[in-house]
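Reader: I am new to this structure and should like to learn how its features are read. May we take them one at a time?

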Amino acid sequence: MNVLHPVVAEVTERLRERSRDSRAAYLRRIDAAQGSGTHRERLSCGNLAHGFAACEGSDKARLREGHTPNLAIINSYNDMLSAHQPYERYPELIRQVAREAGITAQMAGGVPAMCDGVTQGRAGMELSLFSRDLIAMATAVSLSHDMFDAVLYLGICDKIVPGLLIGALSFGHLPGVFIPSGPMPSGISNEEKSKVRQAYAEGKATRAELLEAEAAAYHAAGTCTFYGTANSNQMLMEIMGLHLPGASFVAPDTPLRDALTREAVHRVAELSEPGSSHLPLGHIIDERAIINGVIGLHATGGSTNHLLHLVAIARAAGIELRWDDFDGLSSVIPLLARVYPNGYADVNQFHEAGGMAFLIDQLLSQGLLHGDVRTVFGTGLDGYTQVPQLDAEGGLAWKPVSKESGNRGVLRGVAEPFRADGGLRMLSGNLGRAVIKVSSVPDDRLVIEAPAIVFHDQDDVRKAFERGELNRDFIAVVRFQGPQANGMPELHKLTPTLAVLQDRGHRIALLTDGRMSGASGRVPAAIHVTPEAKADGAIARIRDGDMVRLDALHGRLDVLVEAAEFASRMPATADLSAHEFGMGRELFGIFRQAATTADLGAGVL
């Protein structure tokens, strides 16, 4: 195995030292919960009878006898969300495989799964980020019956996988495997879809033409094919050892997809307490696995949402991940993938070019990943340099990945990266701290200095554009979009408008305490600004016309106003009453009141 890169080793050691006490307390807690034998053996007769009352004959007999593993299924199925629709038939498949193996599986519970693609720009988006913590809570409730010895987590999209994993870590004494459903087939290119969006924003395309383009892009079951948060989730679950090797981007409803699901059932049974290779999930997710996740985000230009989610996931495992850790790794992790919006390819083309196996193999070869981790596959990360395939009998086998990329325009080795550094960077200055995704930003737009135009709603940006007020250089300051203000919605309605202005030659940037996620494009965007405006952060003191400098080259974010004068200003306020009621928002008021800052994960857990 190659020697670990000194910067990766240094950042990991700092994280380990910082987390020493909290991690030790977490491990003591989950180890104390483990016990020995199957968990249901400890239940009273009345408890146990309730747990198997509705089961069919052979399952009831095994559950009653009590000495074989019982697998929990946590399912995020709904048939409105394309990525989760395939999960409708997974529970029956899993139960059947379990019966054939002489064990049992039960649907332990369902968790909500909202689609950010449907709620973009709508009131429902204000529930999106906090749905992560709700999913974590629902996962914990589903596992609270002490009937289960291991868990299969069925989830794909934006907040669902982080929520499932946070909930799983609260039951970290239980082994678990995450099962994806795969991406939809490629439709029209993401670039073509974006061109129609921009044309519509300029009034050059009709709504019917826009809908036709959107329907041609989002046209079947499976994840959206651009590299946003959903597909970043899949990358993370694989590089952190919670998927089977090569499972992330296999298409839904195919023989190989089903074979991987069947194998996941067998693997999690082996990992359970009565199994042959007991390994709790809380022991897989350690400091090394978390750092591998951060490295994966850098190497692929992954979703900025994981600057929130990975921090929250790590905390659930007793690990104190900070934005400084992301920053400490950014200069040494090369960008190896170009997947839309960081390029023209989609995730299917990434997978065909070698996908996760090639990426992991390349990073391991230069000591840029921790290879000595524990995984659900039962190997170190070297086991994830293999590609799954069906053998002649329809069984599952793995072969080593090619050392050559299948498409150098999509995926490259460490000797010829797209960039020498990663796709995510931290910014800091007199406006606080922020995150920027640079992997798709042109080199001549990495530094923007321009006057601010302040908005309190993303719709106001569009209205100003339609009035012809934005045909100039400026930095759009969109504030009161943080977790304590309105739930920190994604602001993707801004993307076509700002992209049009940038294409006209104007020097444009966005500054916001809201989110843009993995789908943010070519316009430089300083997002997740913390402290947020609602907490009287410096962003609340910016006025129209203030010169603002966003410098992604040097990691700076500053307002160019004399310090004493800027400090003397009263922070702006905003009427947020419209965000308190309707569309379920009143039910999430407790989240807004208790939300942490963005750099602490922007949640309540």
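Author: Certainly. The model is a predicted one. Let us begin with a proline: P531 is found in the loop between β12 (525-530) and β13 (547-551).

Reader: Is the peptide bond from T530 to P531 cis or trans?

Author: The bond that leads from T530 into P531 is cis, and its omega is near 0°. A cis peptide bond also joins Y340 and P341, where omega is about 15°. P341 belongs to the loop between α16 (323-330) and α17.

Reader: Which backbone angle should I examine at M488?

Author: The angle is phi. For M488 phi is near 60°, a positive value in a residue other than glycine. M488 sits in the loop between α20 (483-486) and α21 (494-503).

Reader: How should I describe two helices that pack together?

Author: Two packed helices are described by the angle between their axes and the distance between the axes. As a case, helix α14 (residues 287-300) and helix α15 (residues 306-316) pack at an angle of about 175°, and their axes are 11 Å apart. Angles over 145 degrees count as roughly antiparallel, and α14 and α15 are therefore roughly antiparallel to each other.

Reader: Which residues make the contact of α14 and α15?

Author: From α14 come I290, G293, V294 and L297, and from α15 come H306, L310, I313 and A314. By class, the residues of this contact of α14 with α15 comprise six nonpolar, two polar and no charged.

Reader: At what angle do the axes of α5 and α12 cross?

Author: The axes of helix α5 (residues 90-100) and helix α12 (residues 255-271) cross at roughly 50° and come within 9 Å. That angle makes α5 oblique to α12. The crossing in which α5 passes α12 is right-handed. On the α5 side the contact is made by Y90, L93, I94, V97 and A98, and on the α12 side by R257, D258, T261, R262, V265 and H266. The residues of this contact of α5 with α12 divide into six nonpolar, two polar and three charged.

Reader: Let us turn to a pocket. What is the volume of the second largest pocket, and how many residues line it?

Author: The second largest pocket has a volume of about 300 Å³, and 23 residues line it. Those that lie nearest its centre are H351, E352, G354, V387 and V401.

Reader: Which helices and strands supply at least two residues each of the lining of the second largest pocket?

Author: They are α17 (347-352), α18 (355-365), β5 (386-390) and β6 (396-400). The largest share of this lining, four residues, comes from α18.

Reader: How do the residues of the lining of the second largest pocket divide by class?

Author: The lining of the second largest pocket holds 11 nonpolar, eight polar and four charged residues.

Terms used: Residues numbered from 1 in each chain as written. Predicted model: local features only at pLDDT ≥ 70, side-chain atom pairs only at ≥ 80, totals over all residues. Heavy atoms only, no water. Axes fitted to C-alpha atoms, helices over the stretch in contact; angles between N-to-C directions. Parallel < 35°, antiparallel > 145°, perpendicular 65-115°, else oblique. Left-handed = near helix turned anticlockwise from the far one by under 90°. Contact = heavy atoms within 4.5 Å. Nonpolar A, V, L, I, M, F, W, Y, C, P; charged D, E, K, R; others polar. 1 Å grid on protein atoms, 1.4 Å probe; cavity = no way out; pocket = protein on both sides within 12 Å on 5 of 7 lines; lining within 4 Å. Points joined across faces, edges and corners; volume = space filled by probe spheres on them.
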